[in-house]
Structures are given as structure tokens and as C-alpha cells.
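Welcome! Below are a few short exercises, each with a worked solution. Have a look at the structure, try each task, and then read on.

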Amino acid sequence: FPSHDRRSREETVATRARIVEAASSEFRRNGIDGTGLDDLMAAAGLTRGGFYRHFESKNQLVAEACSVAAQRQIDGISLALRGKRRSSGLRSVANFYLDQSRRDDPTISCPLAMLGSELARCDSATRSSATDSFSKLVDIIFSQIDSEDSEKARSKAVVIATTLIGALTVAHFINDSSLSDQVLETVKQAC
């Protein structure tokens, strides 16, 4: 029986992770309001009935899915920075964050850019998760800024993080591909 209990717990953890992963993609693709429980459970290969075995509410899943997606962006940026000199760090962050693939495929893009206006209307737990994700982005940018004045460097990191999120959001909704490309490239060059 102990082996069965362990396997059952492992399956439960794996199923929950599958739901979070599917929700993360579906929310960024269709929006939070545009993704119903039936949609996200189907994307996870499950039925709606199993949802409440893993989550108390959709809000709980939104917070967790956005946190996981944002952490994946931070991990990607960290990987892009590996082996780079600090002098080229900001450009590496911008190149990763504003890559055309992230504009073209919202499921791999930053949830802050893809869901920002919806996140602003979410519950406090989700907004706290989004705030934490934004802070992590600011921290990684801050780590690439050479400055003796840490307060100014922190302010600059906030401006850059906000600019990256805004640029990706704008490039995503623009339906003129050359203008969208120009937005991405202009901001990359400014970093």
C-alpha cells in the first residue's frame, strides 16, 4: 500500500503540473476571461470534473499559471545571460524578451505582456504573483546595470522592464508586421 500511495501522490502532482502548464499556455493565447475551465482542462487532456480536486478556484490557477510562466521567462533570460559580460547584458535581456517568436506565439511569451490589463483586474493573490514576477524581471535587469548609485540603477531597471513589457504588448497587437518588427528592433537597440 505505501508504494501505491506514493504513486498516487506522484500522479496527483504530475496532473496538477499538467493543468498549470496547459492553463499557462491557454491564458496567454486566449486571455484569462477568454479561457473557460472546460477549455483549459481539455488542453490538459482532462475533463472539467477533475479541476476542483487540484484547485479551489480559477483564480488560484491563474495566479499559479502566471507565476510559472513568468518564472520560465526569468529562467530563459538567466540562460541568455550566461557567459555574457555585464556590458552586453541589457542587450541580451532585450533580445531574449523581444524575440519575434515571443511576439508571434503568446504561449511562450511573458504573461505580464500578454495578460497585463487582465491581471490588473484579478484578485489580490494573482496581482501579488504578477507583482512578484515583475520584481524578478526588474531584479535581473538591475543585475546588469553598472552604476555606483544603486537607487538610480534600480529606477533605470524599472523603466527598462516596463518598456520591454510595453513593447512586447504593442508589437503583439499591431497588425502591420513591419511596424511590429520596428517596435521590437527599436526597443532592442535602445537597451
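**Exercise 1. Find out how many helices and strands the chain has.**

Solution. This is a predicted model, and its chain has 10 helices and 0 strands. Reading along the sequence gives the pattern α-α-α-α-α-α-α-α-α-α. Next, look at the overall dimensions: the C-alpha atoms fill a box of roughly 60 × 40 × 30 Å along the principal axes. Then turn to burial, where 42% of the 191 residues count as buried. Finally, take the contacts between residues at least 6 apart in sequence: 63% of these join residues at least 24 apart.

**Exercise 2. Compare the end-to-end reach of α4 with the expected value, and describe what lies at its start and what follows it.**

Solution. Begin with the length: helix α4 covers residues 58–81 and has 24 residues. At 1.5 Å a residue, 34 Å is expected, and the distance from the first C-alpha to the last is 35 Å, which is close to that. Now go to the start of α4, where a side-chain oxygen of serine 57 comes within 3.4 Å of the backbone nitrogen of asparagine 59. After α4 comes glycine 83, with a positive phi near 80 degrees.

**Exercise 3. Decide how valine 68, serine 133 and serine 92 should be classed by accessible area.**

Solution. Recall the cut-offs: buried means under 20% relative accessible area, and exposed means over 50%.

- Valine 68, in helix α4, has a relative accessible area of 28%, so the residue is partly exposed. Its C-alpha is separated by 15 Å from that of isoleucine 32, which is 36 residues away along the chain.
- Serine 133, in helix α8 (residues 124–142), has a value of 6%, so this serine is buried. Beyond its sequence neighbours up to four places away, serine 133 touches Cys66, Ser67, Ala70 and Leu112. Among the buried residues of α4 are Cys66 and Ala70.
- Serine 92, in helix α5, has a value of 9%, so this serine is buried too. With the neighbours up to four places away in sequence set aside, serine 92 touches Ala80, Leu81 and Lys84. Leu81 is one of the buried residues of α4.

**Exercise 4. Work out how α7 is oriented relative to α9, and which residues meet there.**

Solution. First find the two helices: α7 spans residues 111–119 and α9 spans residues 150–173. Their axes come within 8 Å and cross at roughly 80 degrees. Therefore α7 is roughly perpendicular to α9. On the α7 side, Leu112, Ala113 and Met114 take part, and they meet Ile165, Leu168, Thr169 and His172 of α9. Sorted by type, the residues of this contact are 5 nonpolar, 2 polar and no charged.

**Exercise 5. Check the span of α9, then list the helices its buried residues pack against.**

Solution. The 24 residues of α9 should span 34 Å at 1.5 Å a residue, and the end C-alpha atoms are 35 Å apart, so the two values agree. At the start of the helix, a side-chain oxygen of aspartate 149 reaches to within 3.1 Å of the backbone nitrogen of glutamate 151. The buried residues of α9 include Ala153, Ala157, Ile160, Leu164 and Ala171. Ile165 and Leu168, which take part in the contact with α7, are also among the buried residues. The partners of the buried residues are α5 (89–97), α6 (100–104), α7, α8 and α10 (177–190).

Notes
Residues numbered from 1 in each chain as written. Predicted model: local features only at pLDDT ≥ 70, side-chain atom pairs only at ≥ 80, totals over all residues. Heavy atoms only, no water. Helix = DSSP H or I, 4+ residues; strand = E, 2+ residues; numbered from the N terminus. Buried < 20%, exposed > 50% of the residue type's maximum accessible area, 1.4 Å probe, protein only. Contact = heavy atoms within 4.5 Å. Axes fitted to C-alpha atoms, helices over the stretch in contact; angles between N-to-C directions. Parallel < 35°, antiparallel > 145°, perpendicular 65-115°, else oblique. Nonpolar A, V, L, I, M, F, W, Y, C, P; charged D, E, K, R; others polar. Expected span 1.5 Å × (residues − 1). Polar contact = N/O pair within 3.5 Å; in protein donor to acceptor, adjacent residues only side chain to side chain.
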